[in-house]
Each structure stands twice: as structure tokens, then as C-alpha cells.
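Me: Please take me through the terms applied to this structure and set each computed value against its definition.

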Amino acid sequence: MRVKNVVTSVIGILIVIAAVIGAAWLLRAPEPYPRLILDAVEIRSVGNNSLAKARIIDDLDNHMGRVKDNAIVDEWDKLTTCLDAGCADDSLLDFILSVVITRPEKVPHARLVADVVVAGRFWGSGEVLKFSKAVTAANEAVAGLNAKSVDKKWDEIVACDGKCAEKNSLIFDEVKLIVEMSLQQ
């Protein structure tokens, strides 16, 4: 009878240790929010490459499993309806905005990302007030980052003036640079 108690105790201790290690591992896992943004940018660039698209969608879905914010989940649900055919830029930007607006503390430079997206969306649209606030804030924040790649891409966006064919690509590229830069710090 005594051996059975010892074995049961050892198994119980091992289970508790495994649970503590598992919980610590989950708590140390990087936040999913920056990856959601990077995957949303990346899905735009794969076009009709089914394998690449499937990998990104799977990655996005895995990250979404750790997201409990209804606004982000709702945008993800909307996004999944267009992923097969290819989502419009506005859908991808809405998803990115939902992440940085809902969880700004989880995405470094979230305000800058939001301002870049809003400025890009309203550039030349007639929404002068929204555009002016966003472009001014983005311009100041980009200058404050002091990152050459982000500065250069911002200069390209400004030179485009909302009129060039690659306007949206520049916005997505800038968002990617900002988020990647913050992950490297």
C-alpha cells in the first residue's frame, strides 16, 4: 500500500510541475497582435499562391485563438469571408485598425500605425480634417522614430500625394516596416 502512495504522490508532483511549466510557457509566448498585423500585410502580397495564402491564413487563425477582443474577432470574421477570393485593401486595413485601436498597448507604435492607415485612407478624399490630423501626427511620429527605412517609405508616401498607383502598397509597406522595427527592439 505504501508503494502505491509514493507512486501516486510522484505522479501528482510531476503533473503539478508540468502544469506550472506549461503556464509559464504560455505566459511567455509573444503577443499575437503584431503578428496579426504582419500577416494581414503579407496576405496581400501572395496573390493567388494557394500554398502561401493557406500558410498565412493558418498562422492568422492560430494567433486569433489567443485573441479575446470582440472587435478584432468581428473583423477577423469579416476578413475570412473574402480571403478565398482576395480581400480588398480596405478590408485588410480595417482589420489592422481594429488591432491597433482595440489593443494599442500590445502593439508598439500602434498610434503611428493607425495614423498612417488613416492618412492613407483619407489622402485626397475630401475628408480634410481627418486627413490633416492623421498626416500631421504620422509625420511627427515618423520623424521621432529616427529610423531610415521608415523615414524613406514615409517620404515616398508623401511624394505620392495619394495619387500614385502604388499608394496602398506604400501604406502597407510602411505599416510592415513600423511593426517589424518595433519587434526587433
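Reply: The questions below concern disulfides, burial, a surface patch and contacts. This is a predicted model, in which local features need pLDDT of at least 70 and side-chain atom pairs count only at pLDDT 80 or more, while totals for chains, interfaces and linings use all residues. Residues are numbered from 1 along each chain as its sequence is written, and side-chain values use heavy atoms, with hydrogens and water left out.

Me: What makes Cys-82 and Cys-87 a disulfide?
Reply: A disulfide is a pair of cysteine sulfur atoms within 2.5 Å. The S to S distance between Cys-82 and Cys-87 is 2.0 Å, so the pair meets that limit.

Me: Why is the disulfide of Cys-82 and Cys-87 called right-handed or left-handed?
Reply: The torsion about its S-S bond is about 100°, and the disulfide of Cys-82 and Cys-87 is therefore right-handed.

Me: How do you know whether Cys-82 is buried or exposed?
Reply: Buried means under 20% relative accessible area, exposed over 50%, and partly exposed in between (1.4 Å probe, protein chains only). Cys-82 has 16% relative accessibility and so counts as buried. Its partner Cys-87, with a relative accessible area of 17%, is buried as well.

Me: Which other cysteines are joined, and what is the handedness of their bond?
Reply: Cys-160 is joined to Cys-164, with an S to S distance of 1.9 Å. The torsion here is about -105°, so this disulfide is left-handed. Cys-160 is buried, its relative accessible area being 10%. The search of the whole structure finds two disulfides, and the bonded cysteines, numbered in sequence order, pair as 1-2, 3-4.

Me: Why is Ile-17 called partly exposed?
Reply: The relative accessibility of Ile-17 is 43%, which lies between the two cut-offs, so the residue counts as partly exposed. Ile-17 is found in helix 1 (residues 2–28). Together with Val-6, Val-10, Ile-13, Leu-14 and Ile-21, Ile-17 makes a nonpolar surface patch of about 560 Å².

Me: What makes the pairing of Asp-69 with Tyr-33 a polar contact?
Reply: A polar contact is a pair of N or O atoms within 3.5 Å; within protein, one must be able to donate a hydrogen and the other to accept it, and residues adjacent in sequence count only if both atoms are side-chain atoms. The side chains of Asp-69 and Tyr-33 make such a contact at 3.0 Å, so the distance satisfies the limit.

Me: Where is Asp-69 placed, and is it buried or exposed?
Reply: Asp-69 is in the loop between helix 3 (50–64) and helix 4 (70–80). With a relative accessible area of 15%, Asp-69 is buried.

Notes. Patch = residues over 30% accessible without salt bridge, like charges linked within 9 Å, V, L, I, M, F, W, Y side chains within 5 Å. Areas by Shrake-Rupley, 256 points an atom, 1.4 Å probe, with all protein chains shown as cover. Salt bridge = Lys/Arg side-chain N within 4 Å of Asp/Glu carboxyl O. Helix = DSSP H or I, 4+ residues; strand = E, 2+ residues; numbered from the N terminus.
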